[in-house]
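Please look over the structure shown below together with its sequence. The report that comes after it is meant to be read with both at hand.

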Amino acid sequence: MGLLLDKYRAKAARLASPPPRDVASRAETVLRAGKRDQLRAGIDAEGRAFKPLAPSTLRGRRVSPTPLYGRRGDSGRLVRDYRVDARPVAGGLTVAAGWPSLPHVGHLASGTRRMPRRDPGGFRAADRDKLIQILREWRDRGDPG
């Protein structure tokens, strides 16, 4: 009985304090990689394919057929300028993510009269599940890695 009580007291103590910075770093890495993979696949956070590019757009020499991923791939601005900030707070993390240097992302998310809606925002369910797993490992074992 004493071992079980000690185990749950240790969990309660961990939940009363913020996780270590490496837990937040792992979370940021998971979310950035997930966004890159999402854009590479040409899907939104819910797994729906982005509306394809117009034939007139595809006739351009410098265009990738994958909407929003672009011909530059991982070095394109939408992938490169994506920022994730995970801050440790008591019992978990607060996560903020987006493109602070790209104000036009709002137009992508809402669409315009001449451009279909292709919302790159949000987190995929698989990435949220990985994030939850990271936090559970820390809560259960105190192990950030």
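The sections below take up a hairpin, an aromatic pair, a helix, the salt bridges and some backbone angles.

## Basis of the report

The coordinates belong to a predicted model, and the values given in each section should be read with that in mind.

## The β1–β2 hairpin

Strand β1, which covers residues 83-89, pairs with strand β2, which covers residues 92-98, and the two run in the antiparallel sense over seven bridges. Two of the bridge partners help to place the strands against one another: Val84 is matched with Ala97 in β2, and Val89 has Gly92 of β2 as its partner.

Two residues lie between the strands of this hairpin, and Gly91 takes a positive phi there, near 85 degrees.

## An aromatic pair beside the strands

How many aromatic pairs does the structure hold? There is one aromatic pair, and it is formed by the rings of Tyr82 and Trp99, whose centres are 4.8 Å apart and whose planes stand at 50 degrees, so the pair is classed as tilted. The class follows because planes under 30 degrees apart would count as stacked and those over 60 as edge-to-face.

Tyr82 belongs to the loop between α4 (77-80) and β1, while Trp99 belongs to the loop between β2 and α5 (105-110), so the contact of the rings ties together parts that are 17 residues apart in sequence. Both partners are buried by the cut-off of under 20% relative accessible area, with Tyr82 at 4% and Trp99 at 12%.

## Helix α6 and its buried face

Helix α6 takes in residues 125-141, 17 residues in number, and spans 24 Å from its first C-alpha to its last, which is close to the 24 Å expected at 1.5 Å a residue. Which residues of α6 are buried? They are Asp127, Leu131, Ile134, Glu137 and Trp138. Viewed down the axis of α6, these buried residues fall within an arc of 120 degrees, so they line one face of the helix. An α-helix has 3.6 residues a turn, so residues three or four places apart point the same way. Among the elements that cover the buried residues of α6 are α1 (2-16), α2 (21-41) and β2.

Arg128 is also located in helix α6, but this residue is partly exposed, with a relative accessible area of 39%. In sequence Arg128 and Val30 are 98 residues apart, whereas in space their C-alpha atoms are 9.0 Å apart.

## Salt bridges

The count of salt bridges comes to 13, and several of them can be described together with the accessibility of the side chains that take part. Arg124 forms a salt bridge with Asp127, with the closest N and O atoms 2.9 Å apart; Arg124 counts as buried at 19% relative accessibility, and Asp127 counts as buried at 3%. Asp127 is also one of the buried residues of α6.

Arg77 and Asp81 form another salt bridge, in which the closest N and O atoms are 3.3 Å apart. Here Arg77 is partly exposed, at 45% relative accessible area, while Asp81 is buried, at 9%. A further salt bridge joins the side chains of Arg139 and Asp140 at 2.7 Å, N to O, where Arg139 is partly exposed with a relative accessible area of 27% and Asp140 is partly exposed at 33%. Apart from these pairs, a network of salt bridges links Arg36, Asp37, Arg40 and Asp74.

## Residues with positive phi

Most residues other than glycine have a negative phi, and most peptide bonds are trans. Against that background, Leu68 deserves a second look in the model, since Leu68 has a positive phi of about 70 degrees although it is not a glycine. Leu68 is placed in the loop between α3 (55-58) and α4.

Glycines with a positive phi include Gly142, which follows α6 and has a value near 75 degrees, and Gly91 in the hairpin of β1 and β2, near 85 degrees.

Methods:
Residues numbered from 1 in each chain as written. Predicted model: local features only at pLDDT ≥ 70, side-chain atom pairs only at ≥ 80, totals over all residues. Heavy atoms only, no water. Pairing = 2+ DSSP bridges. Helix = DSSP H or I, 4+ residues; strand = E, 2+ residues; numbered from the N terminus. Salt bridge = Lys/Arg side-chain N within 4 Å of Asp/Glu carboxyl O. Buried < 20%, exposed > 50% of the residue type's maximum accessible area, 1.4 Å probe, protein only. Expected span 1.5 Å × (residues − 1). Arc of directions from axis to C-beta. Contact = heavy atoms within 4.5 Å. Phe/Tyr/Trp six-rings, centres within 6.5 Å; stacked < 30°, edge-to-face > 60°.
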